[in-house]
Amino acid sequence: MISMNTEAATTRPTETHAADIDAIEQVVATVERTQRAKDAEGFLALFHPDALWTTAHGKVLIGLDAIAEFTRAVLPAATWDGKVTYEVAHVRFLRPDVAAVKVRQVYHSAAGDSEGAPLYVMTRQDDGRWLLHACQNTEVKADR
């Protein structure tokens, strides 16, 4: 279920916002699909050229070249015994062409589920595409 806040929280979402939310959800679905398939090039196509990415373990990658070098080295060799799912949990439009997107990421495995809580700042391009622009992928630690 998506929680959506906009600048005008007392009004209903506009058709434009609804279309933008659909497009944002498609980007997140593509993140899931490319991660599962270990498709580095498909994943990289989702990023703005000036993007920055912080991994769940705190590695900071600035610019598409750095993100690409890391992704091409790590994603194809990644091993896991289950599957990962991504769900848009919350969208806040900071401007009509900038959205903060909170994602619920769950790794399902035989050993049990673990979670991530990515935050994607996405920007809408002149051609209407939404791209990942500034992202923080945070591991959720279980309460002890």
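In this predicted model, strands β7 and β8 (residues 130-136) run antiparallel and are joined by six bridges. Within this pairing, Y120 has C135 in β8 as its bridge partner. The hairpin of β7 and β8 places five residues between the strands, and G128 takes a positive phi near 95° there.

Strand β7 (residues 119-124) also pairs with β5 (residues 98-108), again in an antiparallel arrangement, here through five bridges. One of the contacts can be followed residue by residue: V98 finds its bridge partner in T123 of β7.

From β5 the path leads on to β4, with which β5 runs antiparallel, and 11 bridges join the two strands. The connection between β4 and β5 is a hairpin of two residues. Across this pairing, T85 stands opposite V106 in β5.

Some of these strands return in the description of the largest pocket, which has a volume of about 760 Å³. Its lining comprises 28 residues, and A56, H57, Q105, Y107 and N137 are those that lie nearest the pocket centre. Two or more lining residues come from each of the helices α1 (15-37) and α3 (64-74) and from each of the strands β4 (83-95), β5, β6 (114-116) and β9 (139-140). By residue class, the lining of the largest pocket divides into 16 nonpolar, nine polar and three charged residues.

Notes
Residues are numbered from 1 along each chain as its sequence is written. This is a predicted model: local features need pLDDT of at least 70, side-chain atom pairs count only at pLDDT 80 or more; totals for chains, interfaces and linings use all residues. Side-chain values use heavy atoms; hydrogens and water are left out. Two strands pair if DSSP finds at least two bridges between them. Helices (H or I, at least four residues) and strands (E, at least two) are DSSP runs, numbered from the N terminus. On a 1 Å grid over the protein atoms alone, a cavity is a set of points where a 1.4 Å probe fits but cannot get out, and a pocket is an open set with protein on both sides within 12 Å along at least five of seven lines; lining residues have an atom within 4 Å of a point. Grid points are joined across faces, edges and corners, and a volume is the space filled by probe spheres set on the points. Ala, Val, Leu, Ile, Met, Phe, Trp, Tyr, Cys and Pro count as nonpolar, Asp, Glu, Lys and Arg as charged, and the others, Gly among them, as polar.
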